Amino acid sequence: MFITICVGSSCHLKGSRQIIESLESLIKEHHLEDDIELNGSFCMGECMKGVCVTMNGTLYSLKPDNVEEFFNKEVLGGLR
Ligand code: FES
């Protein structure tokens with residue numbers, strides 16, 4: 001599974017760094033280092049929303065405070 005996080009300037013200001021760190025620790029916590037690959041990307045052209053994150057081609061718009069919800073629902077849900 002590939003998760004790509006936008007690190008363009010607008011998403012950076014909305015907390016993409018924090019989102020990457022949260023995802024990294026959630027991945028570690030669940031021992032999913034071999035199953036999930038995190039990548040950064042430049043602007044995805046959706047700056048109006050939250051921090052842009054794509055997973056297997058689907059675009060999500062995250063905030064630092066809903067990363068865990070996204071992880072539990074979409075990431076863990078998608079792996080099951
Ligand atoms: S900076 Fe992230 S979509 Fe534009």
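## A walk through the predicted model

Let us start at the surface of this predicted model: Glu-74 is partly exposed, with a relative accessible area of 23%. The partner of Glu-74 in a salt bridge is Lys-73, and their closest N and O atoms are 3.7 Å apart. Lys-73 itself is exposed, at a relative accessible area of 59%.

### Salt bridges

How many salt bridges does a search of the whole structure find? The search gives three, and here they are side by side.

| Acidic residue | Basic residue | Closest N and O atoms |
|---|---|---|
| Glu-21 | Arg-17 | 3.4 Å |
| Glu-46 | Lys-49 | 3.2 Å |
| Glu-74 | Lys-73 | 3.7 Å |

Glu-21 and Arg-17 both belong to helix 2, where they sit four residues apart, about one turn of the helix. As a reminder, an α-helix has 3.6 residues a turn, so residues three or four places apart point the same way. Both partners of this bridge are partly exposed: Glu-21 has a relative accessibility of 43%, and Arg-17 has a relative accessible area of 46%.

Turning to the bridge between Glu-46 and Lys-49, we again meet partly exposed residues. Glu-46 comes out at 28% relative accessibility, while Lys-49 has a relative accessible area of 43%.

### Helix 3 and its two sides

Helix 3 covers residues 67-79, and its buried residues are Val-67, Phe-70, Phe-71, Val-75 and Leu-76. Viewed down the axis of helix 3, these buried residues fall within an arc of 155°, so they line one face of the helix. Which exposed residues sit on the face turned away from the buried side of helix 3? They are Glu-69 and Lys-73, and Lys-73 is already familiar from its salt bridge with Glu-74.

The cover over the buried residues of helix 3 includes strand 1, helix 2 (16-29), strand 3 and strand 4 (58-62).

One of those buried residues, Phe-71, deserves a closer look. Phe-71 lies in helix 3 and counts as buried, with a relative accessibility of 0%. Setting aside residues up to four places away in sequence, Phe-71 touches Leu-23, Leu-26, Ile-27, His-30, Leu-32, Ile-36 and Leu-76. Among these, Ile-27 is 44 residues away from Phe-71 along the chain, yet their C-alpha atoms are separated by 8.8 Å.

### An aromatic pair

Phe-70 brings us to the aromatic rings. A search of the whole structure finds one aromatic pair. The ring centres of Tyr-60 and Phe-70 are 5.0 Å apart and the ring planes stand at 65°, so the pair is edge-to-face. The pair links distant parts of the chain, with Tyr-60 in strand 4 and Phe-70 in helix 3, 10 residues apart. Are these two residues buried or exposed? Tyr-60 is buried, and Phe-70 is buried too.

### Strand 1 and its partners

Strand 1 runs over residues 2-6, and four of its five residues are buried, so the strand is largely enclosed by the rest of the structure. Strand 1 has a parallel pairing with strand 2 (residues 37-41), made over five bridges. In that pairing, Ile-5 stands opposite Gly-40 in strand 2. Strand 1 also pairs with strand 3 (residues 51-55), here in the antiparallel sense and over three bridges. Opposite Thr-4 we find Thr-54 in strand 3.

### Cysteines

Strand 1 also holds Cys-6, which is buried at a relative accessible area of 1%. Leaving out neighbours within four places in sequence, the contacts of Cys-6 are Cys-11, Ser-16, Ser-41, Phe-42, Cys-43, Met-44, Val-51 and Cys-52. Tyr-60, from the aromatic pair, is 54 residues from Cys-6 along the chain, and their C-alpha atoms are separated by 11 Å.

Two of the cysteines in contact with Cys-6 can be set side by side. Cys-11 counts as buried, at 1% relative accessibility, whereas Cys-43 is partly exposed, with a relative accessible area of 47%.

With cysteines in contact here, how many disulfides does the count come to? A disulfide is a covalent bond between the sulfur atoms of two cysteines. Taking a cut-off of 2.5 Å between cysteine sulfur atoms, the count comes to zero disulfides.

Technical notes:
Residues are numbered from 1 along each chain as its sequence is written. This is a predicted model: local features need pLDDT of at least 70, side-chain atom pairs count only at pLDDT 80 or more; totals for chains, interfaces and linings use all residues. Side-chain values use heavy atoms; hydrogens and water are left out. Buried means under 20% relative accessible area, exposed over 50%, partly exposed in between (1.4 Å probe, protein chains only). Two strands pair if DSSP finds at least two bridges between them. The arc is that of the directions from the helix axis to the C-beta atoms. Contact means heavy atoms within 4.5 Å. A salt bridge is a side-chain nitrogen of Lys or Arg within 4 Å of a carboxyl oxygen of Asp or Glu. Rings of Phe, Tyr and Trp (its six-membered ring) pair if their centres lie within 6.5 Å; planes under 30 degrees apart count as stacked, over 60 as edge-to-face and the rest as tilted.
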